[in-house]
Amino acid sequence: MLPVAALSLGLGLVLVTASAVIGTQTAIADRVATRSGAESTAQITGTWQLVKKPPRAPTMAKVSDGKKIPKPKPVVPPAGATVVWRMLASIEGDFGYHDVMAIDPSGFGAVASWGQGQGLAQVRDLLPKFAAAEANPPVDAPEGTVPVIAVNDPVARVGQLGVLSAQGWSTPVVVIAKADAFPGLGSRPLLVAPADSLLPRLGRSDPRLAPPRDPVPVAYTETWVWSGQPVAELAGTLEKAKATVTATTTPDQLGLDPALDAAQRSLGYLVA
């Protein structure tokens, strides 16, 4: 009986160890996906660099004289890529800033990294909610209300109406879903919105317009291109399109994160 008991115990320890290794690997993969966003990302000087003959935002003086803000042309990202806009904004009545990420829901899901676990997979299933919310806004929502997914925000609640604002613009928003994580999440609470709904609310600060020839600055928005290509190929493609790449990120850069590096190293001890 003793050999059988020892064998059973050994097999049990192997299964427990294997389960722990798989669980740790999944957690690391999900953390990397959350931090990196995609296989490669590149920041460019401005979205207008991806538009042929982009309309230019008017100066503040011309806006004051009644000049209308031109309609942006469609932004066409490189094949296999999607454009992501990032900015800081505040919610009326809340203390501090939120990260805000504007995405193209139709193309984002195929490009972003979703890890290995069920958590981010379920978050990916939230993307179609944007189209449904835009087609059927809440009856008590003001006109032009932008649907958002609130990420890593314990205060937000589904159905909550609010006002999101930054330099020179504001818009009503409604929380249509909540999530603990999302590709591209940083250290601050994140609001994810469909670009076609949010960006027009920025007025002359719409990043799809060429910047105005104006001493009055527009609100700052970062333009990132996310891709499943290696970062060198993505940067080369953007440079051929005459877009100026100012920064790049890859999942490998997360090896500099002590917490993730320690977790990865610990797997060796578990299987040894």
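# A short tour of one chain

Let me start with Lys242, which sits in the loop between helix H7 (231-240) and strand S9 (245-249). The model we are looking at is a predicted one. At this loop position, Lys242 has a relative accessibility of 72%, so it counts as exposed, the cut-off being over 50%. Its backbone is worth a glance too: phi of Lys242 is near 65°, a positive value in a residue other than glycine.

There is another lysine to put beside that one. Lys53 lies in the loop between strand S1 (40-44) and helix H2 (60-64). For Lys53, phi is near 50°, again a positive value in a residue that is not glycine. Lys53 counts as exposed because its relative accessibility is 68%.

Now let's step back and look at the chain as a whole. How many helices and strands does the chain have? The chain has 8 helices and 9 strands. The chain has 272 residues, and 43% of them count as buried. The accessible surface of the chain comes to about 14600 Å², and carbon and sulfur atoms hold 58% of that. As for contacts, take those in the chain with a separation of 6 or more: 74% of them are between residues 24 or more positions apart.

Next, the pockets. The largest pocket has a volume of about 580 Å³. Lining this largest pocket are 28 residues, and those nearest its centre are Arg86, Asp99, Gly184, Glu222 and Trp224. If you want to find the walls on your screen, the elements giving two or more residues to this lining are helix H1 (2-36), strand S2 (81-91), strand S3 (98-103), strand S5 (161-166) and strand S8 (222-227). Which element gives the largest share of the lining of the largest pocket? That is S2, with 5 residues. By class, the lining of the largest pocket has 13 nonpolar, 10 polar and 5 charged residues.

On to the second largest pocket, with a volume of about 410 Å³. Here the lining is made of 26 residues, of which Val75, Trp85, Ala195, Asp196 and Arg208 lie nearest the centre. At least two lining residues each come from S2, helix H3 (105-111) and helix H6 (195-198). S2 turns up again as the element that gives the most to the second largest pocket, this time with 4 residues. The lining of the second largest pocket divides into 16 nonpolar, 3 polar and 7 charged residues.

So much for the open spaces; what about the closed ones? The count comes to 1 cavity of 30 Å³ or more. About 120 Å³ of space lies in the largest cavity. Of the 14 residues lining this cavity, Ile91, Asp153, Ala156, Gln160 and Val175 are the closest to its centre. Strand S4 (146-151), S5 and strand S6 (169-179) each give two or more residues to the cavity lining. In that lining, 9 residues are nonpolar, 3 polar and 2 charged.

Let me finish with two single residues, beginning with Ser227. You will find Ser227 in strand S8. Is Ser227 buried or exposed? Ser227 is buried, because its relative accessible area is 0%, and the cut-off for buried is under 20%. The side chain of Ser227 also reaches the backbone nitrogen of Gln229, at 2.9 Å. Leaving out residues up to four places away in sequence, Ser227 touches Ala38, Glu39, Ser40, Gly80, Ala81, Val111 and Leu234.

The other residue is Ala247, which is in strand S9. With a relative accessible area of 27%, Ala247 counts as partly exposed. Which residues does Ala247 contact, leaving aside its neighbours within four places in sequence? They are Thr41, Ala42, Gln43 and Trp224. Take Trp224 from that list: Ala247 and Trp224 are 23 residues apart in sequence, and their C-alpha atoms are 9.0 Å apart in space. You have met Trp224 before, among the residues nearest the centre of the largest pocket.

That brings us to the end of the tour. Thank you for listening!

Notes
Residues numbered from 1 in each chain as written. Predicted model: local features only at pLDDT ≥ 70, side-chain atom pairs only at ≥ 80, totals over all residues. Heavy atoms only, no water. 1 Å grid on protein atoms, 1.4 Å probe; cavity = no way out; pocket = protein on both sides within 12 Å on 5 of 7 lines; lining within 4 Å. Points joined across faces, edges and corners; volume = space filled by probe spheres on them. Nonpolar A, V, L, I, M, F, W, Y, C, P; charged D, E, K, R; others polar. Buried < 20%, exposed > 50% of the residue type's maximum accessible area, 1.4 Å probe, protein only. Contact = heavy atoms within 4.5 Å. Areas by Shrake-Rupley, 256 points an atom, 1.4 Å probe, with all protein chains shown as cover. Polar contact = N/O pair within 3.5 Å; in protein donor to acceptor, adjacent residues only side chain to side chain.
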